[in-house]
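Q: Hey, could you walk me through this one? I'd like to start with the ligand and then wander a bit.

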Amino acid sequence: MYLETARLTLRHMEEGDFPDYLTYATDEETCRMLGTWRPKNEAEARESFEWLMVHEKRFYAMVLREEGRCVGHLIVQNFPDIGKLPELAGLEGRSLTFCVAPDYRRRGFAAEAVGAVVDYLFEKRGVDYVNSGYFTFNEPSRRLHEKLGFRPISHPTVPLPDGGEAVGVETIRFR
Ligand SMILES: CC(C)(COP(=O)(O)OP(=O)(O)OC[C@H]1O[C@@H](n2cnc3c(N)ncnc32)[C@H](O)[C@@H]1OP(=O)(O)O)[C@@H](O)C(=O)NCCC(=O)NCCS
């Protein structure tokens, strides 16, 4: 996937994006919202970056063209657990995870990027639905999903990296 929106280019993450990734990958609040293990220093951030580069085939950078910087990322996955819900049987779906660097929030970048990817998946890839989730305590993400037309479909309990768990909201948007 390669997409250009009004301000962003969405393309595969590249090695040269690591310094930008580092600016937000170690941010405690971002990791808490994503439910991911938090790298505590540059070496650990490098480990997480390399893991994503190897294991996530569709790990995309949101590049703000005006600044030539990666201001966030978006991951497209194929086999979300949500596909096991009986009402989705026989349908083809994709799942999205994303984040925007703290200094670039509230400027419409997530809405612009996610909206474009959803359109692309529906129009060019012919998928039937796109799914994305957030934790119940993630009000910014709840509002973003609502604004983009995603609707709650399930409320799974999700294990956290520290051993605890939290309630998530899985949402879906159909083509
Ligand atoms: C959630 C997140 C991706 C939003 O990114 P963003 O670029 O700031 O979002 P946008 O500027 O595109 O906002 C779009 C809409 O989302 C909602 N929103 C975003 N941030 C919000 C906030 N802090 N408070 C309330 N609503 C918010 C609003 O409805 C907003 O529309 P509006 O500006 O017209 O009111 C960002 O806060 C983030 O990366 N958080 C940490 C990781 C995460 O939670 N990822 C999502 C789970 S996969």
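The chat below goes from the ligand shell to a helix pair and then to a loop residue.

A: Happy to! Just keep in mind that this is a predicted model.

Q: Sure. How many residues surround the ligand, and which are the closest?
A: The ligand is surrounded by 23 residues, with Arg105, Ala110, Ala111, Pro140 and Leu144 as the closest.

Q: Which element gives the largest share of that shell?
A: That would be α5, with six residues. At least two residues each come from α2 (28-34), β5 (93-100), α4 (109-123), β6 (129-135) and α5 (139-147).

Q: And how do the shell residues divide into nonpolar, polar and charged?
A: There are 11 nonpolar, six polar and six charged residues around the ligand.

Q: New topic: at what angle do the axes of α1 and α3 cross?
A: Roughly 110°, and the axes of α1 (residues 18-25) and α3 (residues 42-55) come within 10 Å. The two helices are therefore roughly perpendicular to each other, and the crossing is right-handed.

Q: Which residues make the contact?
A: On α1 they are Phe18, Tyr21, Leu22 and Ala25, and on α3 they are Glu42, Ala45, Arg46, Ser48 and Phe49. By class, this contact has six nonpolar residues, one polar and two charged.

Q: Last one: where is Phe137, and does it count as buried or exposed?
A: Phe137 sits in the loop between β6 and α5. It counts as exposed because it has 11 C-beta neighbours inside 10 Å, and the cut-off for exposed is 12 or fewer.

Q: How far apart are Phe137 and Arg32?
A: They are 105 residues apart in sequence and 9.9 Å apart in space, C-alpha to C-alpha.

Notes: Residues are numbered from 1 along each chain as its sequence is written. This is a predicted model: local features need pLDDT of at least 70, side-chain atom pairs count only at pLDDT 80 or more; totals for chains, interfaces and linings use all residues. A residue is near a molecule or strand if its C-beta atom, placed from the backbone, lies within 6 Å of it. Helices (H or I, at least four residues) and strands (E, at least two) are DSSP runs, numbered from the N terminus. Ala, Val, Leu, Ile, Met, Phe, Trp, Tyr, Cys and Pro count as nonpolar, Asp, Glu, Lys and Arg as charged, and the others, Gly among them, as polar. Axes are lines fitted to C-alpha atoms, for helices over the stretch in contact, and angles run from 0 to 180 degrees between N-to-C directions. Angles under 35 degrees count as roughly parallel, over 145 as roughly antiparallel, 65 to 115 as roughly perpendicular and the rest as oblique. A crossing is left-handed if the near helix is turned anticlockwise from the far one by less than a right angle, and right-handed if clockwise. Two residues are in contact if their C-beta atoms, placed from the backbone, lie within 7 Å. A residue is buried if 20 or more other C-beta atoms lie within 10 Å of its own, exposed if 12 or fewer, and partly exposed in between; C-beta atoms are placed from the backbone.
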